[in-house]
Amino acid sequence: MRKVLPDLNELIRLKEQGYTDDQIAEPYDVKGQAVNKALTRGGYYTQAVSRKAIEEAIPWTVKRTPGAGSHHNTYIGKGVMAFLRVAMGDEKAKDSHRIVAKRLNARLVREKKVIDYDPTTDEGFKLVDREERDGDLIFRWPADRPLPEGEVLEAITLFDA
């Protein structure tokens, strides 16, 4: 038996009435994820900036392990992710992400720092003194990697540079 959701207009009407995806899904014997997917496909929800897009903006392969030890979960690592989500226009970024991004941007400007990465350390990401070659980038871009262009370059550039 194929599980069928109501049409997009009905889904939107239910969302506008304040129902959660899970509440909408229940009478149709589907999961809230199916409602979310239908609403996203229909343009009601905007897509979040994907992890892949964010990782394309980071010039290093960042250590990712389950639980503790992942460099994505360090203080600066979380700041980098928030900064990139906001800079890439992720409409699903929370206010807390915007605050973290703004604070990281301000710190990099105020302290004349740039973000570098050393996979052999516990923290991974680190702040180092900004050099002329860094320009207005948030990262110390590796010499052996081509600098991105367009939206990705804009996303790794200080906000008020």
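Reader: How many helices and strands does the protein have?
Author: Keep in mind that this is a predicted model. Strands are the small part of the tally, with 2 of them. The helices number 7.

Reader: And what pattern does the protein follow when read along the sequence?
Author: Six helices come before the two strands, and a helix comes after them. Written out, that gives α-α-α-α-α-α-β-β-α.

Reader: Why does the protein count as more spread out than a compact globule?
Author: For 161 residues, the globule rule gives 15 Å. The model sits well over that, so it is more spread out than a compact globule. Along the principal axes, the C-alpha atoms fill a box of roughly 60 × 35 × 25 Å. The radius of gyration behind the verdict is 20 Å.

Reader: What share of the residues counts as buried?
Author: Buried here means under 20% relative accessible area. The count runs over the 161 residues of the protein. The share that passes is 38%.

Reader: What share of the accessible surface belongs to carbon and sulfur atoms?
Author: The whole accessible surface comes to about 10500 Å². Of that, the carbon and sulfur part is 49%.

Reader: How far apart do the centres of the positive and negative side chains lie?
Author: The protein has 27 positive side chains and 27 negative ones. Take the centre of each set, and the two lie apart by 4 Å.

Reader: Let's look at helix α3. Which of its residues are buried?
Author: The helix spans residues 32-41. Cover for its buried residues comes from elements including α1 (8-16) and α2 (21-25). The buried ones are G32, V35, A38, L39 and T40.

Reader: Which residue with a positive phi follows α3?
Author: The helix ends at residue 41. The residue in question has a phi near 90°. It's G43.

Reader: On to charge pairs. Which residue does D21 meet in a salt bridge, and are the two buried or exposed?
Author: The rule asks for a side-chain nitrogen of Lys or Arg within 4 Å of a carboxyl oxygen of Asp or Glu. By this rule the protein has 9 salt bridges. For D21, the N to O distance is 3.1 Å, and the partner is K15. Both D21 and K15 are buried.

Reader: Are R107 and E111 buried, exposed or partly exposed?
Author: The side chains of R107 and E111 meet in a salt bridge at 3.4 Å, N to O. R107 has a relative accessible area of 28%, and E111 has 33%. Buried means under 20% and exposed means over 50%, with partly exposed in between. That makes R107 partly exposed, and E111 likewise partly exposed.

Reader: Which residues does the network containing D134 and R140 join?
Author: D134 and R140 form a salt bridge, with the closest N and O atoms 2.8 Å apart. D134 is buried at 3% relative accessible area, and R140 is buried at 9%. Salt bridges that share partners link this pair into one network, made up of E131, R133, D134 and R140.

Reader: Where is G135, and how far is it from G42 in space?
Author: G135 lies in the loop between β2 (125-129) and α7 (150-155). At 36% relative accessibility, G135 is partly exposed. In sequence, G135 and G42 are 93 residues apart. In space, C-alpha to C-alpha, G135 and G42 are separated by 41 Å.

Technical notes: Residues are numbered from 1 along each chain as its sequence is written. This is a predicted model: local features need pLDDT of at least 70, side-chain atom pairs count only at pLDDT 80 or more; totals for chains, interfaces and linings use all residues. Side-chain values use heavy atoms; hydrogens and water are left out. Helices (H or I, at least four residues) and strands (E, at least two) are DSSP runs, numbered from the N terminus. The radius of gyration is taken over C-alpha atoms; the globule rule is 2.2 Å times the number of residues to the power 0.38. Buried means under 20% relative accessible area, exposed over 50%, partly exposed in between (1.4 Å probe, protein chains only). Accessible areas come from the Shrake-Rupley method with a 1.4 Å probe; for residues, only the protein chains shown count as cover. Lys and Arg count as positive and Asp and Glu as negative; His and the chain ends are not counted. The place of a charge is taken as NZ of Lys, CZ of Arg, CG of Asp or CD of Glu. Contact means heavy atoms within 4.5 Å.
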